[in-house]
Amino acid sequence: MEAVISGIGESDYTRSASQPMSGTDMQLLAIDRALKDAGLQASQLDGVVVPTGGLDSDKLAALLGLPDIRFVANVDLGGAAGVAAIGVAGMALSEGVANHVLVVGGWLGYSKKRASDLMRDPAGASLTRSSILRDYYLPHGAMTPVAWYALMARRHIHEYGTTPEQLGRVAITARCHAKLNPKAVLRDRPLDMPSYLDSPFVCDPYRVADCCLETDGMAAIIVSRDDYGVDTRHPVGVMSVEQARPDPPDDFISRRSLHSSIGLARAAPRALGRAGISPSELDFAQIYDCFTFEVIQQIEAIGMCGVGEGGEFVEEAGIGRSGVLPVNTHGGLLSEAHVLGLNHLVEAVRQLRGEAGDRQLRVAELGVVTGWGDLGDGSIAVLGNAS
Amino acid sequence: MKRVHAVDRPLPSTRGPSGEFHRWCAAGELRLQHCESCAVVQHPPRLRCVKCGNHAFIWHPWSREGVVETYTVVRRALSPYFVDVPFVIAIARLQGAVRLLARLKGYESTAPTGKSLIGLSVRIDFEVVDDMVGLPVFIGQEKTWK
């Protein structure tokens, strides 16, 4: 039995201080759309997997009127949770304990819980429960992901000569892709290299233009047994999902490499191996792009190139629509919206179904979606066009 | 060593291994956790030795010399507790391949083009918050960017 993604749904993605909908309403809207997309009734859902930041599953079951939820799990992997949740859903299906598992999440990351406000808690409690961060990072002013990951990026720049223009290429490519996506928050805000290089530094080498968006948005994905019998128009096969943590997971400073000892470096070869494919066969990758260098380091971890060659890959092989590996064809967290990576899964499904409109890739039969969480937890799903 | 008043800002726990490490810093000493059983030195300190699982440690005096491996210049005030931008956060490699994160003082100005702080020799001093908590601080041993 192979799990399939049978339905996808999203709320609107917005960046406005006055959000008329509650987070719960937005999740329900995304779920309604995913059910309609899958041709299912809410009562047919018998499993719920909630990634980090998602709604309380009991409340969700009550609101949806689900009569008999048989499987519930919470996946706590930060931004890597959305992709990892697909894997957990798939396990429930292959164990035979559920037939249709709902994965739903996102956040009101602009109107309510802005990432920039999380830093106002001196204990960092709302940002992390890690005592290592509390004791050895935050007291020195290393309060934010942008500072932690800037330290990783700077070391890569030093070792391999990765350039500002290569980081800029990631940001600019995302913006070009957003132009073709009606849902992308920054679709009308073009970015070229001079304006990228003019973007002010937040934490050197990261500029404002290297950082992901703060937006409101929710997305829902339904994972079903491939033999569930409903006439799914375009089921997308879940070929493999893996998650992995770096060693140690809670501190990047004591890892072997300051930039390459990440979870995805372990998860990606396992996932590709289980799916029986090599990186060169991928038609696209939707990569968790919290910051630009995280795309470069994950391209290396996926095995598209060697460690240290990611900057060159972005510049020469290319991550645009006609590049060797089209990356984030929807604009990603950098230019579409920050839906904790669930929007990357939705985009992968659209591409594999051939329903991506103006941004449809010519060939889209096999792709990966990655997640990045906390200090480098990694997840990856290999998805294929089942037809 | 400069004594400063405790301010409303993120501070490390005064309990457990963090309490021990930061009390030594408050006393002006850099001491690291040295496993009594397998002799591994680990930082950050933890409840158990991550190599052998032992939980008895000697707090060993450590060299206060290091070399910067990476850094970032924080140019935007991202937290109300650290509004005094720009400031530099660095990770330095110490003796025995142990790494430490701390503020690097004296290099806050914009980096000259093509220059970097990686490779800079630093000495570890301490910002003493109170009797229980000291924070390591890097003092550059060269006056210019590399």
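**Exercise 1. Determine how far strand β4 of chain A is enclosed, and find its partner strands.**

*Solution.* Start with burial, where buried means under 20% relative accessible area, exposed over 50% and partly exposed in between (1.4 Å probe, protein chains only). In strand β4 (residues 100-108) of chain A, nine of the nine residues are buried, so the strand is largely enclosed by the rest of the structure. This is a predicted model in which local features need pLDDT of at least 70 and side-chain atom pairs count only at pLDDT 80 or more, while totals for chains, interfaces and linings use all residues. Residues are numbered from 1 along each chain as its sequence is written, chains are lettered from A and ligands numbered from 1 in the order in which they are written, and side-chain values use heavy atoms, with hydrogens and water left out.

Next, consider the two faces: A:His100, A:Leu102, A:Val104, A:Gly106 and A:Leu108 point one way from β4(A), whereas A:Val101, A:Val103, A:Gly105 and A:Trp107 point the other way, and all are buried.

Then look for partners, bearing in mind that strands (E, at least two residues) and helices (H or I, at least four residues) are DSSP runs numbered from the N terminus, and that two strands pair if DSSP finds at least two bridges between them. Strand β2 (residues 47-51) of chain A pairs with β4(A) in the parallel sense over three bridges, and A:Val49 has A:Val103 as its bridge partner. With strand β7 (residues 216-225) of chain A, β4(A) pairs in the antiparallel sense over nine bridges, A:Trp107 standing opposite A:Gly217.

**Exercise 2. Trace the pairing of strand β1 of chain A through A:Val4.**

*Solution.* Strand β1 (residues 3-10) of chain A is mostly covered, since eight of its eight residues are buried. Seven bridges join β1(A) to β7(A) in an antiparallel run, and here A:Val4 stands opposite A:Ser224. Two bridges also join β1(A) to strand β8 (residues 236-244) of chain A, again antiparallel, and in that strand A:Val4 stands opposite A:Gly237.

**Exercise 3. Describe the contact between chain B and chain A.**

*Solution.* Begin with its extent: the contact (heavy atoms within 4.5 Å) takes 37 residues from chain B and 39 residues from chain A. The buried area, which is the accessible area (1.4 Å probe) that two parts lose on being put together, summed over both, is about 3,200 Å², and carbon and sulfur atoms give 63% of it. B:Leu78, B:Arg99 and B:Leu101 supply 19% of the area that chain B buries against chain A, more than any other three residues.

Then turn to charged pairs, a salt bridge being a side-chain nitrogen of Lys or Arg within 4 Å of a carboxyl oxygen of Asp or Glu. The count between the chains is two salt bridges, and B:Arg75 forms a salt bridge with A:Asp204, the closest N and O atoms being 3.7 Å apart.

**Exercise 4. Place B:Gly119 in its surroundings.**

*Solution.* B:Gly119 lies in the loop between β7 (99-105) and β8 (121-128) of chain B, and with a relative accessible area of 29% it is partly exposed. Apart from neighbours within four places in sequence, B:Gly119 is in contact with B:Val67, B:Val68, B:Glu142 and B:Lys146. B:Gly119 and B:Val68 are 51 residues apart in sequence but 5.1 Å apart in space, C-alpha to C-alpha.
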